[in-house]
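Let's take a walk through this one together, from the overall layout down to single side chains. Have the sequence and the 3D view ready.

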Amino acid sequence: MSESKGVLQGFKEFLMRGNVIELAVAVVVGAAFTNIVNAVVKGVINPIIGALGSQNLDNYKACLTECHVDKKTGQFTDGIYILWGSVLSAALTFLITAAVVYFLMILPMNKWKERQAAKQPVDNSPADPTEVELLIEIRDALIAQRTAAPFVPTSTSGTIGAQKTQE
């Protein structure tokens with residue numbers, strides 16, 4: 001009984017994490033957004049391309065071998081053909097989706113984050129010493145111990161030098 005309680009508790013914690021909920025919202029919004037993008041492609045992009053030929057991009061095909069077309073349906077009955085119009089339609093759908101997501105969601109969010117970051121007060125505290133500076137301090141302290149000379153902190157020795165002189 002306690003093992004199932006632990007599993008259910010773990011599952012509840014998993015579901016309550018922020019990123020899982022955000023991901024679920026993104027999937028739902030993405031699914032709804034797909035309908036909008038498909039409508040734009042069928043209602044706007046396909047007619048523009050249709051001015052050059054067929055409105056349905058699926059009609060754009062290329063035959064690699066000798067292909068025979070059924071006169072009644074207009075479909076290929078045999079041979080090898082490539083549906084490059086379908087690929088073009090999918091690529092256009094992807095580009096439109098990416099453009100809308102970037103210009104309507106990502107770009108405004110980045111600008112908002114920049115404004116929020118500009119409102120934050122600037123931290124004027126001194127920067128932490130780098131690894132090289134700390135290693136120089138350690139080296140100087142070890143040399144001072146070996147020679148039994150009193151350790152005189154240099155301009156780079158801050159933390160360790162202050163600790164050594166206090167001892």
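**A walk through the chain**

Start with the contacts: among those in the protein chain with a separation of 6 or more, 30% come from residues 24 or more positions apart. Keep in mind that you're looking at a predicted model, so every value here is computed from that model.

Now the layout. The protein chain has 5 helices and 4 strands. If you read along the sequence, the pattern goes α-α-β-β-β-β-α-α-α. How much of the protein chain is buried? Buried residues are 13% of its 167 residues. On the outside, the accessible surface of the protein chain adds up to about 13300 Å², and carbon and sulfur atoms account for 64% of that.

Let's go inside next. The largest nonpolar core is a set of 8 residues: F33, V37, V41, I45, I49, L57, Y60 and I96. Helix α2 gives the most to this core, with 5 residues. Pick out I45, one of the core residues, and look at what surrounds it. Leaving aside residues up to four places away in sequence, I45 touches V40, L92 and I96. I96 is itself on the list of core residues.

Back to the surface, where there's a nonpolar patch to find. The patch covers about 1200 Å², and its members are F11, F14, L15, M16, I21, V25, V29, Y102, F103, L104, M105 and I106. Which helices supply at least two residues each? They are α1 (2-16), α2 (18-50) and α3 (84-119). Of the contributors, α3 gives the most, with 5 residues. So α2 turns up twice on our tour, because it supplies residues to the patch and also gives the most to the core.

For a closer look at one patch member, try V29, which lies in helix α2. Is V29 buried or partly exposed? V29 counts as partly exposed because its relative accessibility is 44%, and the partly exposed class runs between the 20% and 50% cut-offs.

Last stop: charges. Side chains of opposite charge can pair when their charged atoms come close. How many salt bridges does a search of the whole structure find? The search finds 1. You'll see it where the side chains of D140 and R139 meet, at 3.1 Å, N to O. The two partners sit in different accessibility classes: D140 is buried because its relative accessible area is 16%, while R139, at 47%, is partly exposed.

Terms used: Residues are numbered from 1 along each chain as its sequence is written. This is a predicted model: local features need pLDDT of at least 70, side-chain atom pairs count only at pLDDT 80 or more; totals for chains, interfaces and linings use all residues. Side-chain values use heavy atoms; hydrogens and water are left out. Patches are made of residues with over 30% relative accessible area and no salt bridge: like charges are joined within 9 Å, nonpolar side chains (Val, Leu, Ile, Met, Phe, Trp, Tyr) within 5 Å. Accessible areas come from the Shrake-Rupley method with a 1.4 Å probe; for residues, only the protein chains shown count as cover. A salt bridge is a side-chain nitrogen of Lys or Arg within 4 Å of a carboxyl oxygen of Asp or Glu. Buried means under 20% relative accessible area, exposed over 50%, partly exposed in between (1.4 Å probe, protein chains only). A nonpolar core is a set of buried Ala, Val, Leu, Ile, Met, Phe, Trp, Tyr and Cys residues joined through side-chain atoms within 4.5 Å. Contact means heavy atoms within 4.5 Å.
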